[in-house]
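This briefing describes selected local features of one protein structure. It is arranged by topic for side-by-side reading with the coordinates.

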Amino acid sequence: MDGRDPFPRRTATPRRMLPWLGEVLSTLPALARSYTPGAPIDPRTREQIILAVTEVNGCRYCAWIHGSWQDFLGDSLHRADAEQVLLAFATACAEAGRPLPTDDLLSVLPPEAVRAVRATVAQIEVANLVGNTVDGMLARLTRKRPLAPIAFAREAATVAVALPIAVPMLATAGIMRAAARVAPPMPDVDMPSAGEANLLAHLLATAAPAYLANAVVRLSLLGLPRPVAVGIRAGRTAATVRVGRGQIAVENGISRDTVMVVEGEVEPLLQLATGSIVRELASIRIRPN
């Protein structure tokens, strides 16, 4: 804002909104893809990007909404190098107030993931500007900044357009925050001693917090009145996961009381256990120095 306006945060003006609206339109398919199963970036990473931008812009409404989403989804267990690059890119865009080149991202992520990051940054920038505009209007009404009738009318029109989207998002965030509060905490995983547990048991124990990070999943599985055993077979190795009554345990082999046996490859577990943030690690391109 100019020197005569004491409101410290950027609000939605045509000059500020235009580059971001253009970015949203150009990446709209990637934005929609980001909210579907198997998205190029996982939901927890998406929320971390959103909160990084929101922290720069200081929008309290977006911070509350997406903080609720993050509490609901749970934090990432690992912080991969690629994720650090994403957060640095998102923060730099927010500080610059415009979309920035994605050369650094393309060095560590496939193009599909880069488009998803661009779309995520653009849509939260627009939301931040609109949210700050609400507070800017309130500051005008309470005489903490100049009333400026023309600017006030422009801000009111911006808020009116955003209101039908904002109200459902606030309601959804409230539900998610409530679910996160009532969900039981993640317990320690009970497993055989380090010398006895096989590789699959170790991977399952490491990946369990990621699988149970979602508040609804944790509430449903840990709240079971009696433990349920599920066998996992990957290649020649097998293990059993037992979950319920607020506890989770992993043991070698397939237990006799398993209700089902899941067979598959160990690679997805490795990706989850190491905190992979893109769907296929093989698609990451590493540029030689």
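The buried residues of helix H10 pack against two helices, H4 (60-73) and H8 (149-182), and against two strands, S3 (237-244) and S4 (247-252). The structure is a predicted model. The points below cover helix H10, its residue Arg218, Thr240 of strand S3, and the cysteines.

**Helix H10**

- Helix H10 spans residues 215-222, and Ala215, Arg218 and Leu222 are buried in it.
- Viewed down the axis of H10, these buried residues fall within an arc of 65°, so they line one face of the helix.
- The N-terminal end of H10 is capped by Asn214, which places a side-chain oxygen 2.9 Å from the backbone nitrogen of Val216.

**Arg218**

- Arg218 belongs to helix H10 and is buried, yet it has no salt bridge.
- The nearest side chain of opposite charge to Arg218 is that of Asp71, at a distance of 8.9 Å; the cut-off for a salt bridge is 4 Å between a side-chain nitrogen of Lys or Arg and a carboxyl oxygen of Asp or Glu.
- A polar contact of Arg218 is made instead to the backbone: its side chain reaches the backbone oxygen of Leu212 at 3.0 Å.
- Neighbours within four places in sequence aside, Arg218 is in contact with Ala183, Pro184, Pro185, Met186, Leu212, Ala213 and Gly223.

**Thr240**

- Thr240 lies in strand S3, and it counts as buried because its relative accessibility is 1%, the cut-off being under 20%.
- The side chain of Thr240 has a polar contact with the backbone oxygen of Gly253 at 2.7 Å.
- A polar atom of the Thr240 side chain also lies 2.9 Å from the backbone nitrogen of Ser255.
- Both Gly253 and Ser255 appear among the residues in contact with Thr240 beyond four places in sequence.
- The other residues in that set are Ala229, Val230, Gly231, Ala249, Val250, Glu251, Ile254 and Thr258.

**Cysteines**

- A disulfide is a covalent bond between the sulfur atoms of two cysteines.
- The structure holds zero disulfides.
- Cys59 is accordingly in no disulfide, and the nearest cysteine sulfur, belonging to Cys62, is 3.5 Å away; a disulfide requires the two sulfur atoms to be within 2.5 Å.
- Cys59 is buried, with a relative accessible area of 1%.
- Cys93 is likewise buried, and its relative accessible area is 2%.

Technical notes: Residues are numbered from 1 along each chain as its sequence is written. This is a predicted model: local features need pLDDT of at least 70, side-chain atom pairs count only at pLDDT 80 or more; totals for chains, interfaces and linings use all residues. Side-chain values use heavy atoms; hydrogens and water are left out. Buried means under 20% relative accessible area, exposed over 50%, partly exposed in between (1.4 Å probe, protein chains only). Helices (H or I, at least four residues) and strands (E, at least two) are DSSP runs, numbered from the N terminus. The arc is that of the directions from the helix axis to the C-beta atoms. Contact means heavy atoms within 4.5 Å. A polar contact is a pair of N or O atoms within 3.5 Å; within protein, one must be able to donate a hydrogen and the other to accept it, and residues adjacent in sequence count only if both atoms are side-chain atoms. Lys and Arg count as positive and Asp and Glu as negative; His and the chain ends are not counted.
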